[in-house]
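This briefing covers a predicted model. The points below are grouped by topic.

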Amino acid sequence: ADFDALLAGMKSRGLKLIIDLVVNHTSDEHEWFVESRASRDSDKRNYYIWRDGSAGLPNNYPSFFGGSAWQKDEATGDYYLHYFASKQPDLNWDEPRVRADVYDIMCFWLDKGVAGFRMDVIPFISKHPGLPDLTPEELDRPQDVYANGPRVHDYLQEMNREVLSHYDVMTVGEAFGVSDRQAELFV
């Protein structure tokens, strides 16, 4: 009710509201993640990037908030990927159900009347197949690797086709790790 009142008040004053869209990761308290960590057989397990923990860390990926980008889950003994805080597990955009659920969330807010989204670290949604170790040079600027997954533009074009093209809205992306030259592809 508070949000609806805020939005109505803004509209009555001729203002438009864009909201933050965070879809590279969720909270570890989100129902999808809680369900995904309950069991290796969980229906939501593939919503996140999990790796077998029996051989140690899956690769040398660093987290932007310090330490490894992998957190061991004591319940299953497996690791999940988190480019940021361990309480922010990365979503697996290769899973079609993740994309469909994200698009439903976007439609919910757009149908409410928001004018668009600020897309948090949106270039990071596509991960490199096999998640290979980073070279010493890449470890100096992991954002350059994280931001250039092979399907990032496929996912963004699908997002536009499935959601954004059906609304008169704007988006702005936080494009950490994207060079000036690469920025044209995102626009």
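What covers the buried residues of helix α1 includes α3 (96-112). Helix α1 itself spans residues 2-12, and α3 is also the element that gives the most to the largest nonpolar core, with five residues. The model has an open parallel sheet in the order β1-β5-β6 and an open antiparallel sheet in the order β2-β4-β3.

**Helix α1**

- The buried residues of α1 are Leu-7, Gly-9 and Met-10.
- These residues cover an arc of only 160 degrees around the axis, which puts them on the same side of α1.
- Ala-5 and Ser-12, on the other side of α1, are exposed.
- Gly-14 follows just after α1 and takes a positive phi of about 80 degrees.

**Parallel sheet**

- Three strands make up this open sheet, in the order β1-β5-β6, and the pairing is parallel.
- The edges are held by β1 and β6, each with a single partner strand, so one side of each has no neighbour in the sheet.
- Direction ignored, neighbouring strands of this sheet are turned by 20 degrees against each other on average.
- Strand β1 (residues 18-21) runs parallel to strand β5 (residues 116-119), and four bridges join them.
- On the other pairing, β5 and strand β6 (residues 170-173) are parallel over four bridges.
- Met-119 appears in both pairings: Leu-21 stands opposite Met-119 in β5, and Met-119 stands opposite Gly-173 in β6.
- Strands of a sheet pair through backbone hydrogen bonds, either parallel or antiparallel.

**Antiparallel sheet**

- The order of this open sheet of three strands is β2-β4-β3, with antiparallel pairing.
- Its edge strands are β2 and β3, each of which pairs on one side only.
- Strand β4 (residues 79-81) is joined to β3 by three bridges, and the two run antiparallel.
- Within that pairing, Trp-70 stands opposite Leu-81 in β4.

**Asn-59 and its surroundings**

- Asn-59 lies in the loop between β2 (50-51) and β3 (70-72).
- With a relative accessible area of 7%, Asn-59 falls under the 20% cut-off and is therefore buried.
- A polar atom of the Asn-59 side chain lies 2.9 Å from the backbone nitrogen of Tyr-61.
- The side chains of Asn-59 and Trp-70 make a polar contact at 2.6 Å.
- Not counting residues up to four places away in sequence, Asn-59 touches Trp-70, Leu-131, Pro-132 and Asp-133.

**Nonpolar cores**

- The largest nonpolar core has 30 residues, of which Trp-93, Met-106, Phe-117, Met-119, Met-159 and Leu-164 touch the most other members.
- Two or more residues of this core come from each of α1, β1, α2 (31-38), α3, β5 and α6 (152-162).
- The most is given by α3, with five residues.
- Leu-164 touches Met-106, Leu-110, Phe-117, Met-119, Met-159, Val-169 and Thr-171, not counting residues up to four places away in sequence.
- Another core, of 16 residues, lies apart from the largest one and has among its members Ile-49, Trp-70, Phe-84 and Leu-134.
- Trp-70 of this other core is also the residue whose side chain makes the polar contact with the side chain of Asn-59.
- In soluble globular proteins, nonpolar side chains tend to be buried together.

**Helix α6**

- Val-152, Tyr-155, Leu-156, Glu-158 and Met-159 are the buried residues of α6.
- Seen down the axis of α6, these buried residues fall within an arc of 160 degrees, so they line one face of the helix.
- An α-helix has 3.6 residues a turn, so residues three or four places apart point the same way.
- The packing partners of the buried residues of α6 are α3, β5 and α7 (180-186).

**Segment after α7**

- Val-187 is found in the segment after α7.
- With a relative accessible area of 90%, Val-187 is over the 50% cut-off and therefore exposed.
- Val-187 and Gly-173 are 14 residues apart along the chain, and their C-alpha atoms are separated by 9.0 Å.

Definitions and conventions: Residues are numbered from 1 along each chain as its sequence is written. This is a predicted model: local features need pLDDT of at least 70, side-chain atom pairs count only at pLDDT 80 or more; totals for chains, interfaces and linings use all residues. Side-chain values use heavy atoms; hydrogens and water are left out. Buried means under 20% relative accessible area, exposed over 50%, partly exposed in between (1.4 Å probe, protein chains only). The arc is that of the directions from the helix axis to the C-beta atoms. Contact means heavy atoms within 4.5 Å. Two strands pair if DSSP finds at least two bridges between them. Axes are lines fitted to C-alpha atoms, for helices over the stretch in contact, and angles run from 0 to 180 degrees between N-to-C directions. A polar contact is a pair of N or O atoms within 3.5 Å; within protein, one must be able to donate a hydrogen and the other to accept it, and residues adjacent in sequence count only if both atoms are side-chain atoms. A nonpolar core is a set of buried Ala, Val, Leu, Ile, Met, Phe, Trp, Tyr and Cys residues joined through side-chain atoms within 4.5 Å.
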